[in-house]
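Student: Could you take a close look at how the helices pack in this one? I'd like a single connected walk through it.

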Amino acid sequence: MRRYVVARLAQSALVVLLSLSAVFGMVRLGGDPVLLFLPMDIQAKDVEAIRQQMGFNDPVLVQYVRYMRGALHGDFGESLRYRRDALGLVLERLPATLLLAGSAILLTLVIAVPLGVVTAVRRDTLVDHLGTIATVLGQATPGFWLGLLLIYVFAVQLRWLPTGGSGTLAQLVMPSFVLAAFFAARVARLTRSATLDVLGEEYIKTARAKGLGEGRVVTKHTLRNSAIPIITLAGLEAGQLLGGAVIAETIFAWPGLGRLTVQALLNRDFPVVMAAVSFTSIVYTLMNLAVDLSYGWLDPRVRVRA
Amino acid sequence: MKKPLGLALTLLAALAALAAPWLSPHDPLQADFAAFLKPPGTDAHPLGTDQLGRDLLARVLYGARLALFIGVCTVVVTAVVGGLLGLVAGWVEGWPSALLMRIADVQLSFPFILLALTINAIVGLGLRNIILSLSAAGWVVYARVVRAEVLAVKQRDFVQAAAALGVGSGRLLFRHVLPNVAPSIIVVASLQFSQFIVAEAAISYLGFGVQPPTPAWGSMLSESRDYLFVAWWLGAFPGGALALTALGVNLLGDWLRDTFDPKLRV
């Protein structure tokens with residue numbers, strides 16, 4: 001187990017270093033950085049002065065080392081728009097995104113897991129078919145369209161919920177539902193197939209044969225065994241919530257990390273883009289690491305293979 | 001149920017895309033300020049008109065053309081590039097394989113949509129660049145799947161036997177290994193296809209990617225937001241078309257996976 005943990009930690013550290021390099025590569029090698037970093041209406045005579053001032057005339061390797069040294073100390077430079085530390089802006093927006101992702105995960109657990117279990121237990125009944133249709137639709141419906149539909153129904157027609165913003169519980173409802181929809185559909189399908197796998201096992205037959213009620217068979221014997229694949233796969237999928245947040249936050253003007261990233265891209269505020277994308281990638285990598293480690297802890301076979 | 005519904009929806013989208021010039025009652029770019037924001041069912045405008053009086057049916061049909069064109073191009077580019085890299089890495093092993101896996105790790109440390117969006121904002125807007133961005137963010141799935149499959153297939157007896165008979169490396173790889181890996185490539189491609197068209201729409205929705213006035217479903221949905229209080233049809237039809245297309249291709253992909261490769265996870 002120890003060797004597995006150490007190997008996995010080292011691999012994650014390498015991925016973080018390479019991801020930071022990839023962000024540098026994307027932004028700096030994509031063309032003349034001055035044109036990316038400066039507003040479109042810059043005067044031609046100022047370009048050369050700024051190029052010199054920002055160090056873009058140095059060899060790429062020197063720039064890379066300078067960037068990596070800064071990045072590893074959490075310094076991605078100053079936001080061109082807000083004249084403030086770029087990473088500080090990112091961290092400021094983090095709680096809002098965590099709140100949104102957390103409530104989306106909570107919604108998923110409350111809706112998707114019971115739905116998956118019920119459709120598996122009542123296989124090939126009307127409930128199963130309706131549940132399957134719901135999950136297939138949930139997976140195919142684009143988040144931003146679902147968001148517009150919800151705004152139309154609940155904000156424009158019924159006037160129950162505000163169209164966007166943050167601060168009240170009512171404003172949290174629609175964005176977290178949109179963020180949860182795709183994820184919940186995946187988790188429900190996953191739960192269904194994991195539960196079906198376990199229901200086919202011999203020990204379930206034994207449990208039934210010894211006269212246990214169906215309720216106990218499902219909660220005690222099935223769910224405990226199907227929990228491992230559900231938790232690990234849901235954990236791996238949860239990282240995609242960070243991508244989904246980009247969409248959900250923009251639709252509902254939710255002041256989180258995703259919206260900050262989109263605004264920074266639109267404003268060509270590249271220090272903030274680099275800080276936000278790097279930060280997201282690191283969080284994502286750490287989540288994958290946590291899932292892998294818990295997997296190794298739950299399932300001894302993984303340790304041996306590693 | 002997956003097969004008929006998936007096939008029907010996919011064929012419908014393909015038909016709309018191919019026959020858009022003949023099915024459209026109007027030019028999708030033709031503005032008509034005398035007839036703006038007309039509701040569906042208005043004379044000569046079955047789905048109504050948008051804020052500039054452009055025919056919505058024409059725009060939705062041409063939107064299908066654009067979405068499927070982008071989807072097909074991206075799937076072809078990613079399948080060829082990712083497939084070839086995976087094929088070589090699985091065959092040669094050693095450092096090319098290790099290098100490819102590290103690149104894959106790095107790429108997979110970014111959420112797909114964020115990566116495609118950022119690349120698109122850097123390389124620039126427009127049709128060619130959106131295909132480029134989606135391909136750059138999406139090829140890695142093929143590379144991983146194909147590499148893993150090649151590693152398994154090359155141990156099989158028929159490959160070993162062919163090698164023992166003195167068949168050359170290139171012929172072995174393309175005539176004996178590739179055909180056995182092809183079903184996985186097709187399944188991955190069909191599952192990726194809907195992800196690509198939804199991602200393209202999302203990126204255009206956010207203001208990158210394909211720019212107005214080109215009729216793309218994503219940018220149409222983005223414009224519809226300003227008219228949500230007065231014209232529901234502006235969002236309902238492009239969004240419905242996108243969702244049905246994604247649903248159809250998804251179902252088809254699921255069916256292909258169930259048929260060819262039930263254990264495959266993407």
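Tutor: Here is a walk through the helix packing in chain B, then the contact between the chains, and finally one helix pair in chain A. Keep in mind that this is a predicted model.

Let's start with H1(B), residues 2-23, and H2(B), residues 56-92, whose axes come within 7 Å and cross at roughly 130°. At that angle the two helices are therefore oblique to each other, and H1(B) passes H2(B) in a left-handed crossing. On the H1(B) side you'll find Ala13(B), Ala14(B), Ala16(B), Ala17(B), Ala20(B) and Leu23(B), and they meet Leu61(B), Tyr62(B), Ala64(B), Arg65(B) and Leu68(B) in H2(B). Sort that contact by class and you get 10 nonpolar residues, no polar ones and one charged.

Next, H4(B), residues 112-123, and H5(B), residues 127-153: their axes come within 8 Å and cross at roughly 140°. This pair is therefore oblique as well, but the crossing is right-handed. H4(B) brings Phe112(B), Leu115(B), Ala116(B), Ile119(B), Asn120(B) and Val123(B), while H5(B) brings Asn129(B), Ile130(B), Leu132(B), Ser133(B), Leu134(B), Ala136(B) and Ala137(B). The tally here is 10 nonpolar, three polar and no charged residues.

Some of these names come back in the core. The largest nonpolar core has 160 residues, and those touching the most other members are Ala276(A), Ala64(B), Ala116(B), Leu117(B) and Ala202(B). Leu117(B) is a nice one to click on: leaving out residues up to four places away in sequence, it touches Val246(A) and Leu265(A) as well as Ile203(B), Leu206(B) and Phe208(B).

That takes us to the contact between the chains, with 37 residues from chain A and 35 residues from chain B. On the chain A side, H1 (2-28), H6 (126-140), H7 (143-157), H11 (240-251), H12 (257-266) and H13 (270-298) each supply at least two residues. That side has 25 nonpolar and 12 polar residues, with no charged ones.

Last stop, chain A itself: H9(A), residues 202-209, packs with H10(A), residues 214-238, at an angle of about 150°, with the axes 11 Å apart. These two are therefore roughly antiparallel to each other, and their crossing is right-handed. Tyr203(A), Ile204(A), Ala207(A) and Arg208(A) make the contact from H9(A), and Val217(A), His221(A) and Thr222(A) make it from H10(A). By class, that's four nonpolar, two polar and one charged.

Methods:
Residues numbered from 1 in each chain as written. Chains lettered and ligands numbered in written order. Predicted model: local features only at pLDDT ≥ 70, side-chain atom pairs only at ≥ 80, totals over all residues. Contact = placed C-beta atoms within 7 Å. Helix = DSSP H or I, 4+ residues; strand = E, 2+ residues; numbered from the N terminus. Nonpolar A, V, L, I, M, F, W, Y, C, P; charged D, E, K, R; others polar. Axes fitted to C-alpha atoms, helices over the stretch in contact; angles between N-to-C directions. Parallel < 35°, antiparallel > 145°, perpendicular 65-115°, else oblique. Left-handed = near helix turned anticlockwise from the far one by under 90°. Core = buried A, V, L, I, M, F, W, Y, C linked by C-beta atoms within 7 Å. Buried ≥ 20, exposed ≤ 12 C-beta atoms within 10 Å, placed from the backbone.
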